[in-house]
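Here are a few notes to go with the model, written for reading beside the viewer. Have the sequence open too, and take the points in any order you like.

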Amino acid sequence: MIGSAFFDKRLCGKWKSEKFEINGSETIIFLNIEWLDKEKKAKVTGNFDKAFFANEVLYVEYSYNTLYFFHNDYKYRAEYILALDNDSIIKCDFFIKNCFGMSGVFERKITFNRMSEEEEEKYKYVVEPKNMSRLNILKEYAEYGLENLKKTNYIYKFDEYQNMKNFIENNNLNNLVKDKKDFEIAIELMNWLCGQYKHGDIGFGGVTTPQAIMEFADKNEKRTNCRGLSIILAHLLRAYNLRAFHLTCMPYEEPFSDCHVIVSVYCESIKKWIMLDPTYNLYLKNKNGEIISADEFRECLINNDEITTNDNCHKNIFSIKNYSNYMAKNFIRLERGTSEYYGCDENDGRIILLPEKYYQNEINNFKNQQIKNDYITTKEEFWSD
């Protein structure tokens with residue numbers, strides 16, 4: 001870090017990159033650069049694809065004419081070297097490491113243009129939080145739509161076993177699941193995973209293959225975040241030909257500071273989806289002792305129905321009351337990928353299930369987003385197997 005006299009304050013302001021392609025998908029990056037006089041340092045916030053400035057970047061350094069930082073997105077860890085070209089244009093050397101589907105480092109020179117107030121309004125992506133309890137918000141937005149807006153074909157390639165064969169054999173997982181029913185296999189694999197790795201809010205290094213996520217966790221006290229744990233578990237389940245995917249559970253407001261990722265797996269023997277949460281080594285049961293799905297859990301919260309947990313969940317960091325309140329927050333919007341295969345993290349598109357009232361009242365806030373999602377309001381379509 002060099003003294004504040006060398007920071008060019010003309011860098012301050014809100015900036016929008018040119019549209020460019022990463023791994024086959026078009027993206028735009030939005031940055032807000034500030035100079036904090038009291039702290040005598042630069043602050044940068046930004047986001048891929050959405051014009052809000054809530055995510056602070058890491059390790060900001062500036063020299064005589066450049067600003068350097070890196071930014072952990074949910075999918076990438078990107079590095080930036082910015083240099084002012086003129087008052088309205090920044091030239092940037094942009095790098096991404098460990099991007100699935102690419103060999104080596106993604107490197108590109110991109111241009112940022114200063115945003116006008118009109119552009120900021122155009123790309124705004126905001127749903128203001130409600131001043132009411134999370135459970136009451138969920139109850140207000142409980143109902144889904146009755147008619148399909150479109151038909152979604154979910155694809156499972158089931159190429160996980162061939163890509164994880166050495167790992168599976170080295171960890172003796174075939175013997176672990178031998179002669180077990182599908183829901184027993186799912187639980188055994190979650191138990192095994194949670195015996196190896198724990199939750200930590202450190203991301204998973206911008207990688208999406210399960211072995212790479214585990215290698216990242218091995219270097220970070222055997223920890224990864226809820227998305228990393230869920231991606232690993234979904235891969236393990238598909239390695240045994242179970243239809244499974246990681247499910248992103250999001251709150252009402254946008255932007256948000258916290259969401260949660262769990263796993264849904266279809267068990268043919270009981271003709272239903274069940275919910276697994278590897279953050280807590282958790283599954284849930286209804287008052288009849290039956291394992292329930294994420295959708296059934298949501299209904300239990302809305303109707304104040306009794307639920308219980310498996311005995312070996314991580315009760316030292318878990319209480320059913322706190323978990324219920326937490327998931328009431330996160331059951332407003334549900335997201336899954338359209339394709340599931342080795343190394344996939346919604347690479348081929350995503351489907352977001354919205355309550356009917358949310359779709360009718362709040363969807364206009366998303367009309368200028370850069371990630372093109374498919375929104376549906378019928379849970380039967382979302383949960384089709």
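**Notes on a loop, a sheet and a buried asparagine**

1. Let's start with Lys222, which is found in the loop between helix 6 (210-218) and strand 13 (223-224). Bear in mind throughout that this is a predicted model. Lys222 has a positive phi of about 60°, although it is not a glycine. For context, most residues other than glycine have a negative phi. As for its surroundings, Lys222 is partly exposed, with a relative accessible area of 38%.

2. Now for the sheet. Six strands make up an open sheet, and if you walk across it the order is 16-15-14-19-21-22. The pairing is mixed. At the edges sit strand 16 (272-276) and strand 22 (374-376), each of which pairs on one side only. From one strand to the next, the twist averages 30°.

3. Look at the edge with strand 16. Its partner there is strand 15 (residues 260-267), and the two pair in the antiparallel sense over five bridges. If you want a spot to zoom in on, Val263 stands opposite Leu276 in strand 16.

4. What packs on this sheet? Helix 8 (residues 294-303) does, touching strand 14 (244-250), strand 15 and strand 16. The direction of helix 8 makes about 75° with that of strand 16.

5. Next, have a look at Asn281, in the loop between strand 16 and strand 17 (284-285). Asn281 also has a positive phi, of about 50°, and is not a glycine. Is Asn281 buried or exposed? Its relative accessibility is 5%, so Asn281 counts as buried, the cut-off for buried being under 20%.

6. So what does the side chain of Asn281 touch? It makes a polar contact with the side chain of Asn191, at 3.2 Å. In addition, a polar atom of the Asn281 side chain lies 3.3 Å from the backbone oxygen of Asn312.

7. Finally, the wider neighbourhood of Asn281. Leaving aside neighbours within four places in sequence, Asn281 is in contact with Met190, Asn191, Cys194, Asn310, Asn312, Cys313 and His314. Asn191 and Asn312, from the previous point, are both in that list.

Key: Residues numbered from 1 in each chain as written. Predicted model: local features only at pLDDT ≥ 70, side-chain atom pairs only at ≥ 80, totals over all residues. Heavy atoms only, no water. Pairing = 2+ DSSP bridges. Helix = DSSP H or I, 4+ residues; strand = E, 2+ residues; numbered from the N terminus. Axes fitted to C-alpha atoms, helices over the stretch in contact; angles between N-to-C directions. Contact = heavy atoms within 4.5 Å. Buried < 20%, exposed > 50% of the residue type's maximum accessible area, 1.4 Å probe, protein only. Polar contact = N/O pair within 3.5 Å; in protein donor to acceptor, adjacent residues only side chain to side chain.
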